[in-house]
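Have the model open in your viewer, with side chains ready to display. This tour goes from one charged pair to the next.

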Amino acid sequence: MNAVIGFSELLKMNLNLEGNLNYADHISEAGNQLLEKINQLIDAASVKPEKSEAHITKVLLADYIKDMKDIWLERLDRKKHNLEIKKISPDVFVNMDRDIFSYIMDIILENVESHCAEGRKVKIYMDGENDAPCLVVEDDGHGISAEHISLIGDPFEIKGDGLTAQKGGLALSLFLAKQQMKAIGGKILFQSQEGMGLKVKLYLQAAAT
């Protein structure tokens, strides 16, 4: 696959006709998409529901989000998506592994970047009380029906729009996100209605203040 991508890049450098250059672009894009899925399959084969190497620490959620905001903005800006982060309570502490949770958030936002039409609105905000903190990632895509929502996050299921699959599927990556949330003692839920977008709710363990 790396060879296919490499030769397509060489073609793009040496082609003059616009039509042929477009063909090379399509080859390169398709190759990169397939390579990403292959890497996800490798991840899925190696990830266990619980990872003994998780390093759980007490984290002030507002500080974590402040630290990550620019990274999230940069990712979503690639497809001109708009990110709104609502004010996070300054006294919510959670127990989590920052690296694992950042990986989970990257999966969720990567699916917005990859599978949504340009210029979508994405919101990140808190939902729930301090004893059950929940971080929500919500898009304004078309959403999916109730009969299909239970399939999201299961391996190889492809349904819907918005944070769900539009061109190639995301269920494998969200399955990995579910596994990783278990590893840090949390859980992930998906809520959607057709025409109402999709919410990804990340429930974290509250830490003592």
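**A tour of the salt bridges**

Start by selecting Lys201, which counts as buried at 9% relative accessibility. The cut-off for buried is under 20%. Keep in mind that this is a predicted model.

Which residue does Lys201 pair with in a salt bridge? Add Asp127 to the selection: its closest O atom and the closest N atom of Lys201 are 2.8 Å apart. The pair links distant parts of the chain, 74 residues apart. Lys201 sits in strand β7 (residues 198-203), and Asp127 in the loop between β4 and β5. Asp127 is partly exposed, at 33% relative accessibility.

Next, select Arg120 and Asp140. Their side chains meet in a salt bridge, at 3.2 Å from N to O. Arg120 lies in the loop between α4 and β4 (121-126), and Asp140 in the loop between β5 (134-139) and α5 (146-149), so this bridge ties together parts 20 residues apart in sequence. Asp140 has a relative accessible area of 32% and is partly exposed.

Now move to Arg98 and Asp67. They form a salt bridge too, with the closest N and O atoms 3.4 Å apart. Arg98 belongs to helix α4 (residues 98-115) and Asp67 to helix α3 (residues 61-77), so the pair ties together parts that are 31 residues apart in sequence. Check the surface here: Arg98 is partly exposed at 32% relative accessibility, and Asp67 is partly exposed at 47%.

How many salt bridges does the structure hold? The count is 4, and the stops above are among them.

Conventions. Residues numbered from 1 in each chain as written. Predicted model: local features only at pLDDT ≥ 70, side-chain atom pairs only at ≥ 80, totals over all residues. Heavy atoms only, no water. Helix = DSSP H or I, 4+ residues; strand = E, 2+ residues; numbered from the N terminus. Buried < 20%, exposed > 50% of the residue type's maximum accessible area, 1.4 Å probe, protein only.
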